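Subject: A structure for you to explore

Hi there,

Here is the structure I promised to pass on. Have a look at it first, and then read my notes underneath.

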Amino acid sequence: MYYPCAAMKKKLDEPFSRARAAVLQGRSTDCFEVLADLLAERGDPRGEFARVQLELERGEKPALREREKSLLEAHGDAWLGDLTDCFNRYSWRGGFWRHVDLRDVDDAILADTLRHPSAAVLEMLRVSHPTDADLAAEFARHEDIPLRVLGLGALDEGQNMFSYVEEGVGELNGLEDALPHLEELHVIGASFTPRSMKRLRVLDVRTGVTPPTVEALSACRFPALKRLVLGFELHVEPEPSEELDPLVYLANQLLPLMQGDATPALEHLVLATFFDEGGGEQKREALRQLRGTPLGARLTRLEFTTPKDEWEMLAP
């Protein structure tokens with residue numbers, strides 16, 4: 001679109017900026033519809049595409065599904081470009097990307113993804129192989145990134161949590177400042193160094209949690225955190241003695257965190273381990289010990305589970 005002057009471009013962009021801000025505030029269907037109507041009024045085919053997708057959320061209709069397909073065929077080059085070659089998966093909502101799963105981190109690819117018009121209200125991003133990149137610094141180069149959920153690390157095809165080869169997830173210092181809408185952080189990787197995050201509501205660390213990690217978590221502050229998932233390595237160091245069950249040993253290692261100072265609003269704690277529950281007696285003893293702590297006494301839910309990649313449920 002040609003703008004005779006910068007002032008006119010700004011005037012035209014202001015309604016879009018306001019509509020986008022409303023979407024980011026609550027991500028409700030009503031807000032998406034306002035954005036879709038605005039685009040349609042400007043003659044942007046993305047507006048019709050958004051309306052079709054929002055109508056499909058109310059119920060499957062073959063004619064609308066066919067129209068969605070035809071719009072993608074007609075405008076897919078503009079709405080997607082070559083970036084999908086770098087995506088493991090992606091999904092749409094209301095004419096824009098809802099989630100993107102990046103295969104590998106690369107500053108140029110990440111920048112192109114974040115700047116792309118289809119990412120204007122991107123809710124979820126996963127970088128499958130961060131490889132110790134300074135993602136916070138890269139995110140900081142962009143203004144008002146809309147991400148609500150960030151995933152770092154992933155299982156490759158054919159892998160499971162037993163066969164996963166751990167990788168670093170990069171430097172997390174400054175991450176919250178760079179992502180003003182961030183509420184959830186999901187990590188699959190080693191060398192996880194936690195940082196205090198005042199807005200984070202969900203922290204899910206599936207592997208690489210060790211006693212030093214627990215100590216570091218207990219020294220941080222997560223005043224808004226509601227759900228914490230900690231995934232522990234297959235083997236703990238030092239090895240527990242024969243008289244001490246691994247789950248009870250694990251409970252002992254959690255005691256610094258269980259004082260509750262780091263997570264005053266926490267409601268749900270999930271411990272993901274590979275240890276055999278031994279018929280349930282050891283699990284009950286570990287839960288009893290954890291429930292006797294200040295944090296354990298006020299938790300709504302406290303449970304053990306098997307490690308898995310929860311992103312598959314978040315972004316189907």
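Aspartate 204 is buried, as its relative accessible area is 1%; buried means under 20%, exposed means over 50%, and partly exposed is in between, using a 1.4 Å probe and protein chains only. You will find aspartate 204 in strand 6 (residues 202-209). Helices (H or I, at least four residues) and strands (E, at least two) are DSSP runs, numbered from the N terminus. The side chain of aspartate 204 also makes a polar contact of 3.3 Å with the side chain of histidine 186. A polar contact is a pair of N or O atoms within 3.5 Å; within protein, one must be able to donate a hydrogen and the other to accept it, and residues adjacent in sequence count only if both atoms are side-chain atoms.

Before you go further, please keep in mind that this is a predicted model: local features need pLDDT of at least 70, side-chain atom pairs count only at pLDDT 80 or more, and totals for chains, interfaces and linings use all residues. Residues are numbered from 1 along each chain as its sequence is written, and side-chain values use heavy atoms, with hydrogens and water left out.

Now for the overall picture. The protein chain has twelve helices and nine strands. Of its 316 residues, 49% are buried. Contact means heavy atoms within 4.5 Å. Among the contacts in the chain with a separation of 6 or more, 65% are between residues 24 or more positions apart.

Next, the aromatic rings. How many aromatic pairs does the structure hold? There are six. In one of them, the ring centres of phenylalanine 87 and tryptophan 97 are 5.4 Å apart and the planes are at 85°, so this pair is edge-to-face. The pair links distant parts of the chain, with phenylalanine 87 in strand 1 (residues 87-93) and tryptophan 97 in strand 2 (residues 96-102), ten residues apart. For the cut-offs, rings of Phe, Tyr and Trp (its six-membered ring) pair if their centres lie within 6.5 Å; planes under 30 degrees apart count as stacked, over 60 as edge-to-face and the rest as tilted. Phenylalanine 87 is buried at 3% relative accessible area, and tryptophan 97 is buried at 0%. Both belong to one aromatic cluster, formed by Phe49, Trp79, Phe87, Tyr90, Trp92 and Trp97.

There is also a pocket to look at. The second largest pocket has a volume of about 190 Å³. On a 1 Å grid over the protein atoms alone, a pocket is an open set of points with protein on both sides within 12 Å along at least five of seven lines, whereas a cavity is a set of points where a 1.4 Å probe fits but cannot get out; lining residues have an atom within 4 Å of a point. Grid points are joined across faces, edges and corners, and a volume is the space filled by probe spheres set on the points. The residues lining this second largest pocket include Gln25, Arg27, Arg148, His181 and Arg199. By class, its lining has four nonpolar, three polar and four charged residues. Here Ala, Val, Leu, Ile, Met, Phe, Trp, Tyr, Cys and Pro count as nonpolar, Asp, Glu, Lys and Arg as charged, and the others, Gly among them, as polar.

Two of those lining residues deserve a second look. Is glutamine 25 buried or exposed? Glutamine 25, in helix 1, is exposed, with a relative accessible area of 72%. Its C-alpha atom is 9.8 Å from that of proline 146, although the two are 121 residues apart along the chain. Arginine 27 sits in the loop between helix 1 (6-26) and helix 2 (29-41) and is buried at 12% relative accessible area. Arginine 27 has a positive phi of about 55° although it is not a glycine.

Finally, threonine 29 lies in helix 2 and is partly exposed at 25%. Leaving out residues up to four places away in sequence, threonine 29 touches Leu54, Glu57, Arg58 and Arg93. With arginine 93, threonine 29 shares a side-chain polar contact of 3.1 Å.

Happy exploring!
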